[in-house]
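Trainee: Hi, have you got a few minutes to go through a model with me? I'd like to start with the basics and then jump around a bit.

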Amino acid sequence: MYAQMVKTDGKGVKSREEMSPEERAFQDRVDAHEKIEPTDWMPEGYRRTLIRQIGQHAHSEVVGQLPEGNWITRAPTLQRKAILLAKVQDEAGHGLYLYCAAETLGVSRDDLTEQLLSGRMKYSSIFNYPALSWADMGAIGWLVDGAAIINQVPLQRTSYGPYARAMVRICKEESFHARQGYDIMMKMAAGTKAQRKMAQDALNRYWFPALMMFGPSDKDSVHSAQSMAWKIKINTNDELRQKFVDQTVPQIEFLGLDLPDPNIRFNEETGHYDYSEPDWSEFFDVIRGNGPCNTDRLEARRQAWDDGAWVREGLLAHARKKSAATAAE
Amino acid sequence: MDRDSAFFEFLLRMGDNTLVLGHRISEWCGHAPILEEDIALANTALDLIGQTQMWLGLAGEVEGAGRDADALAFTRDFWEFRNALLVELPNGDFGRTMARQFLFDAWQSVQLGKLLKSSDSRVAEIAEKAAKEVAYQVERSAGTVVGLGDGTEESHARMQAAIDYLWPYVGEFFAGDAVDAAMAEAGIAPDPASLRGDFDALVGRVMEEATLNIPEGDFHHKGGRDGARHTEHLGHLLCEMQWLQRAYPGATW
Amino acid sequence: MKNEWPLWEVFIRGQHGLSHRHVGSLHAPDAEMAIRNARDVYTRRNEGVSIWVVEARHIAASSPSDKGPLYEPSQSKIYRHPTFFDIPEEAGNM
């Protein structure tokens with residue numbers, strides 16, 4: 001999900017004969033479900049892939065504050081305002097845990113931030129879509145966090161220790177996010193005509209972008225195969241997407257809303273729902289920077305970063321003055 | 001002014017302060033100078049919203065007209081708001097936001113300290129819950145003011161500019177009127193002027209450590225606490241805050 | 001980047017805990033702010049919690065063997081708990 005533009009070197013997963021002794025020992029540890037820790041030996045490709053994946057996951061959490069953040073000041077009740085604030089705060093927290101996990105691999109948070117702002121690193125495609133109504137708060141919590149949870153639960157078993165531990169903490173907090181989103185949808189779907197219309201509209205706009213979050217089919221992806229061998233990736237994109245659809249369709253039906261895709265149908269033979277593939281050309285456009293909100297999102301993050309420079313420098317200068325004064329005593 | 005009306009006004013003053021300030025702080029979500037501050041500011045906003053629910057909730061009870069905290073927050077127009085002018089001012093830069101936060105926290109900490117002994121047990125109870133949060137808040141905001149005031153040349157200049165801009169709004173907190181007199185007489189809340197000494201002592205200490213000057217002069221703006229004349233900023237704030245409830249009246253959210 | 005805030009490791013002992021446990025890290029300009037940030041990030045302001053912070057560069061380790069994260073949900077913000085929301089059984093697993 002956060003592996004956009006992650007490239008693997010080489011032509012594929014090495015066979016044991018092709019591996020060096022260190023690589024073989026490393027792979028044995030991964031296969032035995034041992035956790036790899038920061039100062040353990042690891043292939044350079046493993047380190048680079050992790051930095052990119054964890055970093056992009058972190059960027060997603062940080063940028064993810066913006067679509068919902070833009071509705072905090074318009075939340076319709078004090079309780080909804082508090083809940084939404086708590087959720088967005090959690091997202092900032094998740095970004096923080098993930099940046100710290102990435103930093104154990106020898107990259108600084110400032111480095112990662114510069115790479116995000118320059119466009120060299122990406123964030124989840126979904127946050128390039130606008131949050132247009134209060135019902136979008138429901139759709140985002142329900143569908144977007146719902147999709148994220150499906151991706152994140154298996155990652156609690158990922159091979160890299162700090163990443164796995166961050167995922168455990170994140171998963172505990174994420175369930176509240178999905179439920180509060182669905183709670184909003186239930187209220188809206190059972191509400192006034194205008195609220196039902198808002199809810200349907202939000203579902204219609206978020207359905208395919210949510211499916212796209214899992215990334216295109218990776219049946220033939222060299223990169224995916226390597227990540228799975230290293231247990232940086234646990235399931236294929238298609239597996240996760242199918243799980244999401246199977247879980248979500250009954251929830252749509254329970255709300256009494258129309259299905260956002262006329263081709264959604266339960267398949268008795270497979271035991272899963274059939275559904276239309278999203279328009280993958282739209283996905284690649286969005287990744288390339290041409291989504292509805294890419295420019296605005298990055299501009300907002302660039303502004304926060306630049307405007308905040310004097311604050312970060314000021315507080316650091318003060319801390320240094322204090323410690324110099326203490327040292328002098 | 002009869003006791004109940006004065007009590008209602010007093011509770012609106014407490015709750016509107018936290019409502020409006022909490023709203024202002026929540027505007028920073030996703031835009032703070034560093035991730036740790038996004039989280040800290042969200043905490044501040046959450047505390048303020050929680051305090052709002054308590055103060056406005058009690059206000060609605062005392063008014064006895066069937067309005068709950070949400071009804072008071074989302075359906076009154078500007079002339080019914082009783083927050084001090086300080087909290088409705090736009091955020092400005094991070095320095096102005098934190099200076100405003102510190103000045104408000106400093107006043108709140110002294111005020112709540114007195115309210116712990118309110119003759120009204122409900123007020124004392126709210127004050128007790130809020131006091132713990134405010135004790136932490138004032139420590140944090142003071143720390144930030146000191147860190148930026150005595151930081152770099154630029155951070156110092158921005159903090160001094162913030163204090164200069166905000167200082168004329170401080171005096172309003174300490175200017176008592178008939179409502180305050182009624183509350184003091186009933187033992188529910190202190191006379192606002194009686195808080196000034198402790199406030200000045202606390203703020204003075206922090207400003208000194210921050211190497212910041214406190215502006216001279218006694219002038220202060222007024223019109224917020226009594227609703228006589230709010231700033232233009234409040235209207236825009238209410239527009240955004242109340243829009244959904246006003247556009248779709250009768251809906252439940 | 002020499003102007004980046006230093007990295008701190010955070011250790012928390014819960015109200016009924018026996019010892020401090022490593023919960024993660026964060027950035028702060030000094031120890032005072034590190035503790036405040038730790039409180040906001042890792043405890044959601046839970047009272048009666050003991051926080052230790054150490055600059056990451058001061059930690060000497062034999063071999064990495066972190067004990068895992070400590071998660072203490074805040075008691076007063078009950079909507080953080082998934083069970084606060086009454087999602088009917090028929091809607092499926094959430």
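Mentor: Happy to. Helices and strands here are DSSP runs, with at least four residues for a helix and at least two for a strand, numbered from the N terminus. Keep in mind that this is a predicted model.

Trainee: Okay, chain C then. What pattern does chain C follow along the sequence?

Mentor: Chain C reads β-β-α-β, so with the strands and helices defined that way, there are 3 strands and 1 helix in chain C.

Trainee: How many residues does chain C have, and what share of them counts as buried?

Mentor: Chain C has 94 residues, and 48% of them count as buried. As for its contacts, among those between residues at least 6 apart in sequence, 49% join residues at least 24 apart.

Trainee: And how do strands S1 and S2 of chain C pair?

Mentor: S1(C), residues 7-13, and S2(C) are antiparallel, with 6 bridges. Trp8(C) sits opposite Leu26(C) of S2(C). S2(C), residues 21-27, is mostly covered, with 6 of its 7 residues buried.

Trainee: Switching to chain A. Which residues of helix H1 are buried?

Mentor: In H1(A), which spans residues 21-31, the buried ones are Glu23(A), Phe26(A), Gln27(A) and Val30(A). They lie on the same side of H1(A), because they cover an arc of only 100° around the axis.

Trainee: What do those buried residues pack against?

Mentor: Two helices of chain A: H2, residues 44-63, and H9, residues 222-229. Also have a look just after H1(A), where His33(A) has a positive phi of about 65°.

Trainee: Now cysteines. How many disulfides does the structure hold?

Mentor: The count over all chains is 0.

Trainee: Why is there no bond at Cys100(A)?

Mentor: Its closest cysteine sulfur is in Cys171(A), and at 18 Å that is too far for a bond. Cys100(A) is also buried, at 5% relative accessibility. Cys171(A) is buried too, with a relative accessible area of 14%.

Trainee: Next, the largest nonpolar core. Which residues touch the most other members?

Mentor: Trp134(A), Phe10(B) and Phe102(B), in a core of 202 residues. Helix H4 of chain A, residues 78-103, gives the most to this core, with 15 residues.

Trainee: What is Trp134(A) in contact with, beyond its sequence neighbours?

Mentor: Setting aside neighbours within four places in sequence, its contacts include Trp71(A), Leu84(A), Ile184(A) and Met188(A), and on chain B they include Leu244(B) and Trp253(B).

Trainee: That takes us to the A-B interface. How many residues are in contact there?

Mentor: It has 46 residues of chain A in contact with 47 of chain B. The two chains bury about 4000 Å² between them, 68% of it on carbon and sulfur atoms. On the chain A side, Thr73(A), Leu78(A) and Trp310(A) supply 21% of the area buried against chain B, more than any other three residues.

Trainee: Last one: is Arg229(B) buried or exposed?

Mentor: Exposed, at 63% relative accessibility. Arg229(B) is in the loop between H9(B), residues 196-209, and H10(B), residues 232-247.

Trainee: And what does Arg229(B) contact outside its sequence neighbours?

Mentor: Leaving out those within four places in sequence, Arg229(B) is in contact with Leu85(B), Lys222(B), Gly223(B) and Gly224(B). Try Phe78(B) as well: it is 151 residues from Arg229(B) in sequence, yet their C-alpha atoms are 9.1 Å apart.

Note on methods:
Residues are numbered from 1 along each chain as its sequence is written. Chains are lettered from A and ligands numbered from 1 in the order in which they are written. This is a predicted model: local features need pLDDT of at least 70, side-chain atom pairs count only at pLDDT 80 or more; totals for chains, interfaces and linings use all residues. Side-chain values use heavy atoms; hydrogens and water are left out. Buried means under 20% relative accessible area, exposed over 50%, partly exposed in between (1.4 Å probe, protein chains only). The arc is that of the directions from the helix axis to the C-beta atoms. Contact means heavy atoms within 4.5 Å. A disulfide is a pair of cysteine sulfur atoms within 2.5 Å. A nonpolar core is a set of buried Ala, Val, Leu, Ile, Met, Phe, Trp, Tyr and Cys residues joined through side-chain atoms within 4.5 Å. Two strands pair if DSSP finds at least two bridges between them. Buried area is the accessible area (1.4 Å probe) that two parts lose on being put together, summed over both.
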